Amino acid sequence: MTLSRLANRVALAATSLTLAALPLAAPTAAFAASHSVSLSVGPVPVPQVPVTACVDTACVTTPPLTSVSLTATATVNHGPQPLVLLLPTLCPNGGTGVAVSVTSLQPITLTLSGSVSGTTTGGGSVSYPLGPVTETLVPGTPGVLVSACTT
């Protein structure tokens, strides 16, 4: 079964109305704790093949799946608390699945984590944790990709 890029775009369009942002005030004693924001995308159908789920370059591979979902979480632990954006995006290299782009409007170091879940070809459910991975984001760059896509 082969899914077209159109199916991937339809899935993206369905999730594109949902986005997550973490607008935080200037750091004070009241904001000393960490702050997190998450975005979940999916489920979307995949063509009964393994899915590679990654936070940047830290990846895990699932068994063959018929559908996949992804939750991405960004946690800011200290320092200035800028706006962190989590936006649904297309899988790289024409893959099928779900992906989230993590960007910031100011330089920031944050921790990215998440989970990928799906339905196996046998009808069972699987779930795998992703990360945590510490990343430094710089405005004007593509940011970091959290993805669960076919290759």
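**Figure 1. Secondary structure of the predicted model.** The protein, shown here as a predicted model, contains 1 helix and 10 strands. Read from the N terminus, the order of elements is α-β-β-β-β-β-β-β-β-β-β. Of the 151 residues in the protein, 42% are buried. Among contacts with a separation of 6 or more, 70% link residues that lie 24 or more positions apart. The accessible surface amounts to about 7200 Å², and carbon and sulfur atoms contribute 60% of that area.

**Figure 2. Confidence along the chain.** The mean pLDDT of the protein is 82, with 75% of the residues at 70 or more. Confidence is highest in strand 10 (residues 144–149), where the mean is 97, and lowest in helix 1 (residues 5–15), where the mean is 41. Residues 1–31 have a pLDDT below 50, yet this stretch makes 54 contacts in the model beyond near neighbours in sequence. Where pLDDT is low, predicted coordinates should not be interpreted in detail.

**Figure 3. Pairing of strand 5 with strand 8.** Strand 5 (residues 65–76) and strand 8 (residues 108–120) run antiparallel and are joined by 10 bridges. One residue pair can be followed in this view: T73 has S113, in strand 8, as its bridge partner.

**Figure 4. The hairpin of strand 8 and strand 9.** Strand 8 also pairs with strand 9, in the antiparallel sense, through 11 bridges. The two strands form a hairpin in which 4 residues separate them. Within the turn, G123 adopts a positive phi of about 95 degrees. Elsewhere in this pairing, L110 stands opposite E135 of strand 9.

**Figure 5. Surroundings of E135.** E135 is located in strand 9, which spans residues 125–137. Is this residue buried or exposed? E135 counts as buried because its relative accessibility is 15%, and the cut-off for a buried residue is under 20%. Apart from neighbours within four places in sequence, the contacts of E135 are D56, I108, T109, L110, L112 and V144. L110 therefore appears in two roles in this view, as a contact of E135 and as the residue opposite E135 in the strand pairing; the burial of E135 follows from the 15% value. Another residue in the contact list is V144, and strand 10 covers residues 144–149.

Methods
Residues numbered from 1 in each chain as written. Predicted model: local features only at pLDDT ≥ 70, side-chain atom pairs only at ≥ 80, totals over all residues. Heavy atoms only, no water. Buried < 20%, exposed > 50% of the residue type's maximum accessible area, 1.4 Å probe, protein only. Contact = heavy atoms within 4.5 Å. Areas by Shrake-Rupley, 256 points an atom, 1.4 Å probe, with all protein chains shown as cover. pLDDT = per-residue confidence, 0-100. Pairing = 2+ DSSP bridges.
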